[in-house]
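This briefing introduces the structure shown below. It proceeds by topic, from the general make-up to individual residues.

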Amino acid sequence: MKWMTGVWLALSAWAAEPVDLSGAWKWHEGAGEASFARPDHDDSNWSTRMLPRGAVHLGHSWYRWRGVAPAEPGPYSLALGPFSHCFEVFLNGVSLGGTACSASGDPPFPRATAYPIPPELVAPGSTFVVALRAEGRRPSWTLAARLPDRGPYLLGATDRKSHV
């Protein structure tokens with residue numbers, strides 16, 4: 001429950017209306033390549049997938065979202081729902097973190113996570129790109145592996161005093 005407290009604190013600390021990233025994300029099935037995280041990568045031929053979605057996608061895939069940051073100055077945070085078991089989160093081509101899977105054994109349980117954004121990555125009112133490299137696996141606890149993703153998917157300015 002500690003992780004849920006962190007997400008709740010990040011969401012409750014929004015200084016103004018965050019950018020809602022829920023909806024149609026660009027989507028590419030397969031492991032892909034590191035260039036998929038770069039903001040200038042051409043994803044025009046990619047299909048789309050909705051986030052949040054009904055359940056974790058099994059296998060390797062990439063998701064991309066292009067948006068405009070809030071006009072309010074940061075610091076900013078990025079809140080993501082439990083879209084995959086194992087993943088890495090990129091903002092404008094820079095890794096913010098993620099959850100690694102071991103080569104053997106069960107993957108971690110998917111969970112919502114909030115990431116503080118370094119101030120040099122996003123300026124107020126600027127265009128940003130979120131890229132998610134995902135690997136969904138079928139764990140031994142299979143029934144729980146297909147729990148629905150209810151979000152959140154948000155980027156917003158957080159209160160400087162309560163920034164997570």
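**Sheet, cores and a selected residue**

Strand E6, which covers residues 86-91, pairs with E7 in the antiparallel sense over five bridges. The model in which this pairing is seen is a predicted one. The bullet points below place the pair in its sheet and then turn to the chain, the cores and His 28.

**The sheet**

- Within the pair of E6 and E7, Phe 87 has Thr 99 of E7 as its bridge partner.
- Six strands make up an open sheet with antiparallel pairing, and their order is E3-E2-E4-E9-E6-E7.
- The edges are formed by strand E3 (47-51) and strand E7 (94-99), each of which pairs on one side only.
- From one strand to the next, the twist averages 30°.
- In general, strands of a sheet pair through backbone hydrogen bonds, in either a parallel or an antiparallel manner.

**The protein as a whole**

- The protein contains two helices and 10 strands.
- Read from the N terminus, its elements follow the order α-β-β-β-β-β-β-β-β-β-α-β.
- Of the 164 residues in the protein, 45% are buried.
- Among contacts with a separation of 6 or more, 84% are between residues 24 or more positions apart.
- The exposed area of the protein is about 8,000 Å², of which carbon and sulfur atoms supply 57%.

**The nonpolar cores**

- The largest nonpolar core comprises 27 residues, and Leu 21 and Phe 128 have the most contacts inside it.
- Elements that give two or more residues to this core include E2, strand E4 (59-68), strand E5 (76-80) and E6, as well as strand E8 (113-117), strand E9 (127-136) and strand E10 (154-157).
- E9 provides the largest share of this core, with four residues.
- A second core, separate from this one, has six residues, including Ala 37, Trp 62, Phe 90 and Ala 131.
- Beyond residues up to four places away in sequence, Leu 21 touches Leu 51, Trp 65, Leu 78, Phe 128, Val 130, Tyr 153, Leu 154 and Leu 155.

**His 28**

- His 28 belongs to strand E2, which spans residues 23-29.
- Because its relative accessible area is 27%, His 28 is classed as partly exposed; the buried class requires a value under 20%.
- Leaving aside residues up to four places away in sequence, His 28 touches Phe 36, Trp 46, Ser 61 and Trp 62.
- His 28 and Tyr 63 lie 35 residues apart in sequence, with a C-alpha to C-alpha distance of 6.6 Å.

Terms used. Residues are numbered from 1 along each chain as its sequence is written. This is a predicted model: local features need pLDDT of at least 70, side-chain atom pairs count only at pLDDT 80 or more; totals for chains, interfaces and linings use all residues. Side-chain values use heavy atoms; hydrogens and water are left out. Two strands pair if DSSP finds at least two bridges between them. Axes are lines fitted to C-alpha atoms, for helices over the stretch in contact, and angles run from 0 to 180 degrees between N-to-C directions. Buried means under 20% relative accessible area, exposed over 50%, partly exposed in between (1.4 Å probe, protein chains only). Contact means heavy atoms within 4.5 Å. Accessible areas come from the Shrake-Rupley method with a 1.4 Å probe; for residues, only the protein chains shown count as cover. A nonpolar core is a set of buried Ala, Val, Leu, Ile, Met, Phe, Trp, Tyr and Cys residues joined through side-chain atoms within 4.5 Å.
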